[in-house]
Amino acid sequence: MVGLTVPTLAWVALLLAVAGYLLNVRHAPTRAFAIAGAAFALVGIVTAIVGSG
């Protein structure tokens, strides 16, 4: 269960971060949190890929 949930949540987090960034690019706090969220999501995705191999 955890093996499937973590990568799925990472992809959802990445999509939400990108959507938040695109919806409000000029607002600095939104942009900062979107970039940080995307970075954490990418770490989760890479960890899931490396951990499954």
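**Entry 1: the nonpolar patch.** I started with where the nonpolar patch gets its residues: helix 1, residues 2-23, gives the largest share, three residues. I am working from a predicted model here. The members I noted are V18, Y21, L22, V25 and I35, and together they make a surface patch of about 430 Å².

**Entry 2: V25.** Next I looked up where V25 sits, and I found this residue in the loop between helix 1 and helix 2 (28-52). Why can V25 count towards a surface patch? Its relative accessible area is 32%, and a patch takes residues with over 30% and no salt bridge, so V25 passes the area cut-off. I wrote V25 down as partly exposed.

**Entry 3: the core.** Then I turned to the interior. Which residues form the largest nonpolar core? I listed six: A10, L14, A17, A38, A41 and I45. Helix 1 and helix 2 each supply at least two residues of this core.

**Entry 4: A38.** I picked A38 out of that core for a closer look. What does A38 touch once its neighbours within four places in sequence are set aside? I found A38 in contact with L14 and A17, both of which are also on my core list.

**Entry 5: the whole chain.** Last, I stepped back for the overall numbers. I counted two helices and zero strands in the chain. Of its 53 residues, 15% are buried. For the accessible surface of the chain I noted about 4100 Å², and carbon and sulfur atoms account for 80% of that surface.

Terms used. Residues numbered from 1 in each chain as written. Predicted model: local features only at pLDDT ≥ 70, side-chain atom pairs only at ≥ 80, totals over all residues. Heavy atoms only, no water. Patch = residues over 30% accessible without salt bridge, like charges linked within 9 Å, V, L, I, M, F, W, Y side chains within 5 Å. Areas by Shrake-Rupley, 256 points an atom, 1.4 Å probe, with all protein chains shown as cover. Salt bridge = Lys/Arg side-chain N within 4 Å of Asp/Glu carboxyl O. Helix = DSSP H or I, 4+ residues; strand = E, 2+ residues; numbered from the N terminus. Buried < 20%, exposed > 50% of the residue type's maximum accessible area, 1.4 Å probe, protein only. Core = buried A, V, L, I, M, F, W, Y, C linked by side-chain atoms within 4.5 Å. Contact = heavy atoms within 4.5 Å.
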